[in-house]
Amino acid sequence: MPRAKPLISVYRPWPGYLAALVAGGFATLSFAPFHLWWLAPLAVALMYVDQHRLSVAQASLRGWLFGVGLFGTGTSWVYISIHDYGYTGVPLALFLTALFVITLALFPALIFGLYRRFTSPRLAFLSFAGVWVVGEAFRSWAFTGFPWLLLGSAQVDSPLAPWAPIGGVYLLSLIVALTGTLLVEFCRRRWWAAAPVAALWLAPLLLPNHWTQQAADPLRFALLQGNLPQLAKWSPEGQRNAVNTYSRLTRELPDDASVVVWPETALPMFERQAQPYLERLQATLPSETALLSGIVQRDASGDYYNAIVGVGEVRGAYRKSHLVPFGEFLPLDFVLRDVIDFFNLPMSDFSAGADSQPPILTHGIAIGSAICYEIVYPDLVAERARGANLLLTVSNDTWFGRSIGPLQHLQMARLRALENGRYVVRATSNGVTAIIDAQGNLREQAPQFETASVVGDVVPMTGLTPFTRTGSWPAWLLAILMLAPGVASQARQRKA
């Protein structure tokens, strides 16, 4: 007698594992330089399908595979930093890059495992979107944070962009994640799901286009891009080349430039060594011209700081407060120092500046500053924007090489401008040097990997966007509230 087929077949998770890898790749394609922002909700949808049919271990593995797909494709530039500029051989560079990727992938593995363990299918379309943003927020904070490849960052050119001044990047991520889960519900013939998706994507048509106002007449900014070779930069010849290049570019500028900006560590020397060069050059410029430059400071106690200083019509300076682990400081220094050559990168022993610093003042305008990696932290930039009329970021993107990293970096700078309703002026070593307006649009831009200057008008702004006032906590709170029904339902089931 033939055996009867079971009414419910055993669930096979393997297609879901493959889908998780694909979802990670889709997410990367939503960011610059690909700009396929519409793939971000599809990535969430692939992760949401059949989530509550998985065991906790299966959900964790699926989350880890998503992370491998996302970070393996989206942060491939790490290999260039380690191999080309970290004096590390190919095998070790590949190993360290793989270690970086699989470690970052533990974040979605942890989040989706916990989600499966502590939530029920009740209102899963809400709770899954909520946990997605909780996971992004946790990754942005833990171990000094890595807020790179947040789904909301890909939406700066999408119809959702007007939400950014209201709730910032995490609100954008929440809307993207909710769109993805609702699309799955719609495909399950729950036709009501179309209404909230339409509302979320059409509501920006009714939102204000401008949350801030012009505070003063435009200032003429000149941003210089030296395109100097990184590996020879700190040699005596590299120092002379830097002085000559930036001095020449400055002298060639039009006389109407009010503020000249050099990028991060434009002159590869300490401030006390560079000051005579800067002062002599500034003396050749019109008397009202201010010169700002990224530089390395060393104080009387011997501490090093990654800083922005000025000469001429400038008051104040800025010291980088959020340092890059392994690039600017070494966690567990007493254990790891001298283990491998990678940890002996030049200038990898900086001290952090104060968390709250007054803006740099020039021509009666307050400038909030962020050096390099700091621009990817939305709340740090919002804090700087509250007391400033415009935002300045200097960066040495040479570390990214010819990868997608600099274009992702630029995309996040554009979102910071949109979130805060402030112009962002961005001077980089080899690209992308740009002027970004208060709506996140590129006004002027230099080509990558060329010695160039960007000259354009920058409008000082006043007033605060809702996001600048509050930061990210309303979006985080909303994500937690969306997660709450699923958690509460699961807790009741366990008690029953």
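Visitor: In this predicted model, which residues is N430 in contact with, once its neighbours within four places in sequence are left aside?

Guide: Leaving those neighbours aside, N430 is in contact with Q225, N227, D397, T398, Q448 and F449. N430 itself is found in the loop between β10, residues 424–428, and β11, residues 434–436.

Visitor: Why does N430 count as buried or exposed?

Guide: The relative accessibility of N430 is 6%, and the word buried is used for values under 20%, so N430 counts as buried.

Visitor: One of those contacts was Q225; what stands opposite Q225 in β13?

Guide: Q225 stands opposite A452 in β13. Strand β2, residues 219–225, and β13 pair in the antiparallel sense, over seven bridges.

Visitor: What makes β2 and β13 count as a pair?

Guide: Two strands pair if at least two bridges are found between them, and β2 and β13 have seven bridges, so they count as a pair.

Visitor: Where do β2 and β13 belong in the sheet, and what makes a strand an edge strand?

Guide: The sheet is open and has six strands, in the order β6-β5-β4-β3-β2-β13, with mixed pairing. The edge strands are β6, residues 318–319, and β13, residues 452–458, each of which pairs on one side only.

Visitor: Why are helices α1 and α2 called roughly antiparallel?

Guide: The axes of α1, residues 14–29, and α2, residues 39–48, come within 8 Å and cross at roughly 165°. Angles over 145 degrees count as roughly antiparallel, and α1 and α2 are therefore roughly antiparallel to each other. Their crossing is left-handed.

Visitor: Which residues make the contact between α1 and α2, and how do they divide into nonpolar, polar and charged?

Guide: On the side of α1 the contact is made by A19, A20, V22, A23, F26, A27 and L29, and on the side of α2 by L39, L42, A43, L46 and M47. These residues divide into 12 nonpolar, no polar and no charged.

Visitor: How do you know which word describes the crossing of α8 and α14?

Guide: The axes of α8, residues 164–187, and α14, residues 405–420, come within 8 Å and cross at roughly 140°. Roughly antiparallel would need an angle over 145 degrees, and roughly perpendicular one from 65 to 115, so α8 and α14 are oblique to each other.

Visitor: Which residues meet there?

Guide: A164, P165, G168, V169 and L172 in α8 meet L415, R416, L418 and E419 in α14. The residues of this contact divide into six nonpolar, one polar and two charged.

How values were computed:
Residues are numbered from 1 along each chain as its sequence is written. This is a predicted model: local features need pLDDT of at least 70, side-chain atom pairs count only at pLDDT 80 or more; totals for chains, interfaces and linings use all residues. Side-chain values use heavy atoms; hydrogens and water are left out. Helices (H or I, at least four residues) and strands (E, at least two) are DSSP runs, numbered from the N terminus. Axes are lines fitted to C-alpha atoms, for helices over the stretch in contact, and angles run from 0 to 180 degrees between N-to-C directions. Angles under 35 degrees count as roughly parallel, over 145 as roughly antiparallel, 65 to 115 as roughly perpendicular and the rest as oblique. A crossing is left-handed if the near helix is turned anticlockwise from the far one by less than a right angle, and right-handed if clockwise. Contact means heavy atoms within 4.5 Å. Ala, Val, Leu, Ile, Met, Phe, Trp, Tyr, Cys and Pro count as nonpolar, Asp, Glu, Lys and Arg as charged, and the others, Gly among them, as polar. Buried means under 20% relative accessible area, exposed over 50%, partly exposed in between (1.4 Å probe, protein chains only).
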